[in-house]
Amino acid sequence: MPELPEVETVARLIRPRLLGRRIVDARIDWPRTVGTMSPASFRKRIAGSPIDRVWRRGKYIVFDLGPRRCLVGHLRMTGRMQVREPGSEPSPYVKVSLALDDGSVFEFIDVRKFGRLILAEEPDEVFPKLGPEPLSDEFTAAWFRAALKRRSRALKPLLLDQSFLAGLGNIYVDEALHAARLHPLRHADRLTGKAADALHAAIRAILEEAIEREGSSFDTFYRTPEGQPGDYQHQFQVYGRTGKPCRRCEAPIRRLVVGQRGTHICARCQRSPRGRPSP
DNA sequence: AGCTACTCCTGGTAGC
DNA sequence: TGCTACCAGGAGTAGC
């Protein structure tokens, strides 16, 4: 599922194809994708809009479309965005198409239809409360230490909470916790400063490397807008490696369920909150 | 505050 | 081979 590195990759790859273009028309094949606005209204309002900027916040991609108009996209589970050349065949599972002034077409593709592409005046109308960007200067080790101290929740649900920290999802949370040798059920306020710093460093390092590798493509869904798979899945230490040996200690990777989410750990490297290896 | 349960979806796969 | 049942999960919401 697309998380911060995948979303950042999408933004980087579609940006040069969109900047300076103007949207001339829209086609909506699945009305829910554009939220509560009617397809007719969406089409009428977006036509003629210039694409001034393409940026990312957490897992959202935002298209600034002139004064007091923007398009806010979220890929959720299986969403993709791409810009196809004039005259080329439409992709399967396209939910929204935006015809651009050079003949190319922006496509929002989404097999499971969870993704959204919302037209609004300001992004804040669409964004829920979002925590800091993990790769920004705001996300310092000191801030993270203090923020963890204020929360009693288990690390896994806390790190998945976008209002705490924006951009992490199931994969990168599991990877970061393993890198920092922390069990997903450890409680945030019980971490030592050293452990909090290790987690902070792990989150940043993993996200940076994943972006460098254009994200992860562990199943048939995620592809970069150029149609290429990402490369970070080869770096996975725990995610999707149930039963395989931990690359650090050889113990088999275990899968558990935490907060309805599949969770992957090395029971030897990541000690349970009780201080014993997980059952 | 933070937990669980439920909802939205459908391709892939396990089991028969 | 062909069918059915179930799984994956981000995030919003409801209820406790």
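Which strand does Arg-84 lie in? Hold that for a moment while I set the scene.

This is a predicted model, where local features need pLDDT of at least 70, side-chain atom pairs count only at pLDDT 80 or more, and totals for chains, interfaces and linings use all residues. Residues are numbered from 1 along each chain as its sequence is written, chains are lettered from A and ligands numbered from 1 in the order in which they are written, and side-chain values use heavy atoms, with hydrogens and water left out.

Back to Arg-84. It lies in strand β5, residues 79-84. Strands here are DSSP runs of E, at least two residues, numbered from the N terminus. Arg-84 is buried, at 14% relative accessible area. Buried means under 20%, exposed over 50%, and partly exposed in between, with a 1.4 Å probe and protein chains only. What does the side chain of Arg-84 contact? The side chain of Glu-107, in a polar contact of 2.6 Å. A polar contact is a pair of N or O atoms within 3.5 Å; within protein, one must be able to donate a hydrogen and the other to accept it, and residues adjacent in sequence count only if both atoms are side-chain atoms.

Next, the DNA. Start with strand B. Its surroundings include Trp-30, Tyr-93, Phe-114 and Arg-151. Near means that a heavy atom of the residue lies within 4 Å. Of the strand B atoms that come within 4 Å of the protein, sugar and phosphate account for 74%. Three side chains place a polar atom by a phosphate oxygen of strand B: Lys-113 at 2.3 Å, Arg-32 at 3.3 Å and Gln-260 at 3.4 Å. The surface near strand B has 5 charged, 4 nonpolar and 2 polar residues. For these classes, Ala, Val, Leu, Ile, Met, Phe, Trp, Tyr, Cys and Pro are nonpolar; Asp, Glu, Lys and Arg are charged; the others, Gly among them, are polar.

Now strand C. How many residues surround DNA strand C? There are 15, and the closest are Met-1, His-74, Met-77, Arg-112 and Arg-255. Sugar or phosphate holds 62% of the strand C atoms within 4 Å of the protein, and bases hold the rest. Tyr-60 has a polar side-chain atom 3.2 Å from a phosphate oxygen of strand C. Two arginines point to bases instead. A polar side-chain atom of Arg-76 lies 3.0 Å from a base nitrogen of strand C, and one of Arg-261 lies 3.3 Å from a base nitrogen of strand C.

Lys-113 deserves a second look. Its place is the loop between β7 (105-110) and β8 (116-120). Its phi is near 65 degrees, positive in a residue other than glycine. Most residues other than glycine have a negative phi. Lys-113 is partly exposed, at 29% relative accessibility. Arg-68 also has a positive phi, about 55 degrees. Arg-68 sits in the loop between β3 (60-64) and β4 (70-74). At 52% relative accessibility, Arg-68 is exposed.

Last, the space near the domains. The lining of the largest pocket draws at least three residues from each of domain 1 (4-125) and domain 2 (141-266). Those bounds come from an automatic or database domain assignment. A pocket is an open set of points on a 1 Å grid over the protein atoms alone, with protein on both sides within 12 Å along at least five of seven lines; lining residues have an atom within 4 Å of a point. By class, the lining has 9 nonpolar, 7 polar and 6 charged residues.

Key:
Helix = DSSP H or I, 4+ residues; strand = E, 2+ residues; numbered from the N terminus.
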